Amino acid sequence: MKFSYVNPTQIHFGQGQISTVATSIPKDKKVLVIYGGGSIKKNGVYDQVSAALAEHTWTEFSGVEANPTVETLDKAVIIAKEQAIDYILAVGGGSVIDGSKYVAAAAMYEGNGWDILIGKHQVTEAIAIGAILTLPATGSESNSGSVITQKSTQTKLPFMADAVQPKFAVLDPDSMKTLPERQLVNGLVDAWVHVCEQYLTTATGTMVQDGYAEVLLKNLLTLAEQYDARDNNEWRSNLMWTANQALNGLIGSGVTHDWATHMIGHELTALYHVDHARSLSIIQPSLLRNQIEAKRAKLEQLGKNVFGFTASADLAERTIVAIEAFYHDVKVPTQLTEHGDDKVAAIDTIIKQLEAHGMVALGESQAITLDVTRQILEDAV
Ligand code: NZQ
Ligand code: ZN
């Protein structure tokens, strides 16, 4: 085991914690508040932010869409540059926080911001960011990742940079009260797949990372089982903290990562506007079956320690069935059914896009070539 680990984001967790923004952002900073399509105006979050920023100089940019686009975000980059913004407060779900990371980095760069996504510009500096999370799912509030879409080319790519990791994140479970069912379930599923992509790889004997990953998976199963009792602070708090811990760097330290499900899923979203979490539930069961030999040891471990299965020759197979059943229970799709009738043409298009984006050797051992991905997609029909 070998790794360096730090998570520098200060977390303010719990009801009423949005007020901490007043002291988390230095008073001499010029703040740009970035948010999405307006959900924060309906649930009181915007009012709490306004109250917390009463003694700050601030302006706002709204309209960041789900799966944020560079076309929209570049308008915020212009504002940030013109108004010499030196703090960004992202208020929303993963899309708003990811979008804010892009704005924070692009505003400190003279070239075309898309250069960041294609690796032409390595981000080393960015405007400071704080985040107020309203949708537990991505972990973006305390990690250094961001996923941005270029609408004109239907391209969705990630970038990672320490400089864009939020300085602080407010996780107030009350802000989840207005979440539509669809988004709540998406959050559960996205967090589940985040843990899987860092756990269902090679057996590395990492007891802390494995054990903690298993607790997070068990939490998500329990929260899904207790879904009818979701209208309370304890349920919301547990989902919010579990989703955060699923992708804050800890369980990913010193282990091998997969991320193939995410990279293939990004193409489904960019091409067909499938919700991020649902792109994952469509791809993952088929991918796990395809990669079962490489992942057998960890699938068996998951079956035993998370689902409580007893040993058997087909334990890995049963574990995949159980994962699929979990998706069916929360009513997310597990097949490529949402993309019109011509599945063959859709698969061709997805493969072409993956090739164009250099996603030609995915997975923990780079074994998922384009031919393997084609098979995974065909098996998901
Ligand atoms: O725009 P508003 O009006 O706020 O509405 C949003 C949006 O329509 C709504 N919403 C959010 N909080 C709400 C609410 N509605 C009512 N009440 C609330 N409290 O929910 C909709 C979806 O929001 P979005 O931010 O798109 O969802 P999510 O948090 O699932 O983020 C998905 C994005 O994150 C990326 C995905 O690729 C996708 O673009 N990811 C980022 C990661 C990271 N940075 O580490 C990792 C993830 O794997 C993921 O890839
Ligand atoms: Zn995800």
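# A tour from helix 8 to the domain boundary

Start with helix 8: its buried residues pack against strand 8 (168-171), helix 6 (181-199) and helix 7 (207-225). Keep in mind that this is a predicted model.

**Stop 1: helix 8.** Select residues 233-246. Which residues of helix 8 are buried? Show Arg 236, Leu 239, Met 240 and Thr 242, then Ala 243, Asn 244, Gln 245 and Ala 246; these are the buried ones. Colour strand 8, helix 6 and helix 7 to see what they pack against.

Now check the length of helix 8. It has 14 residues, and at 1.5 Å a residue these should span 20 Å. The C-alpha atoms at its two ends are 20 Å apart, so the expected span and the model agree.

**Stop 2: ligand 1.** Centre the view on ligand 1 and bring up the 33 residues around it. Which of them come nearest? Pick out Gly 36, Gly 37, Gly 93, Gly 94 and Ser 95. Next, select helix 5 (94-106), strand 6 (145-150) and helix 6: these elements each give two or more residues to the shell. Helix 5 supplies the largest share, four residues.

Colour the shell by residue type. Of its residues, 23 are polar, eight are nonpolar and two are charged. Then colour the shell by domain. At least three of its residues come from domain 1 (10-176), and at least three from domain 2 (181-380).

**Stop 3: the two domains.** Zoom out and select both domains. The domain assignment gives domain 1 as 10-176 and domain 2 as 181-380. How many Å separate their centres? Taken over C-alpha atoms, the figure is 26 Å.

Move to where the domains meet. Here 20 residues of domain 1 are in contact with 25 residues of domain 2. Stay on the domain 1 side and select strand 6 and strand 7 (155-160), the elements that give two or more residues to it. Strand 7 makes the largest contribution, with three residues. By type, this side of domain 1 divides into nine nonpolar, nine polar and two charged residues. Strand 6 is a link between stops, being listed for the shell around ligand 1 and for the side of domain 1 that touches domain 2.

**Stop 4: an annotated span.** Select residues 8-173. An unreviewed UniProt entry places the feature "domain: Alcohol dehydrogenase iron-type/glycerol dehydrogenase GldA" here. Mark the C-alpha atoms at the two ends of the span: they lie 22 Å apart. Colour by secondary structure to finish; the span is 25% helix and 26% strand.

Terms used:
Residues are numbered from 1 along each chain as its sequence is written. Chains are lettered from A and ligands numbered from 1 in the order in which they are written. This is a predicted model: local features need pLDDT of at least 70, side-chain atom pairs count only at pLDDT 80 or more; totals for chains, interfaces and linings use all residues. The expected span of a helix is 1.5 Å times one less than its number of residues. A residue is buried if 20 or more other C-beta atoms lie within 10 Å of its own, exposed if 12 or fewer, and partly exposed in between; C-beta atoms are placed from the backbone. Two residues are in contact if their C-beta atoms, placed from the backbone, lie within 7 Å. A residue is near a molecule or strand if its C-beta atom, placed from the backbone, lies within 6 Å of it. Ala, Val, Leu, Ile, Met, Phe, Trp, Tyr, Cys and Pro count as nonpolar, Asp, Glu, Lys and Arg as charged, and the others, Gly among them, as polar. Domain bounds come from an automatic or database domain assignment. UniProt positions are given in the numbering used here, feature names are shortened, and annotations may be inferred rather than shown by experiment.
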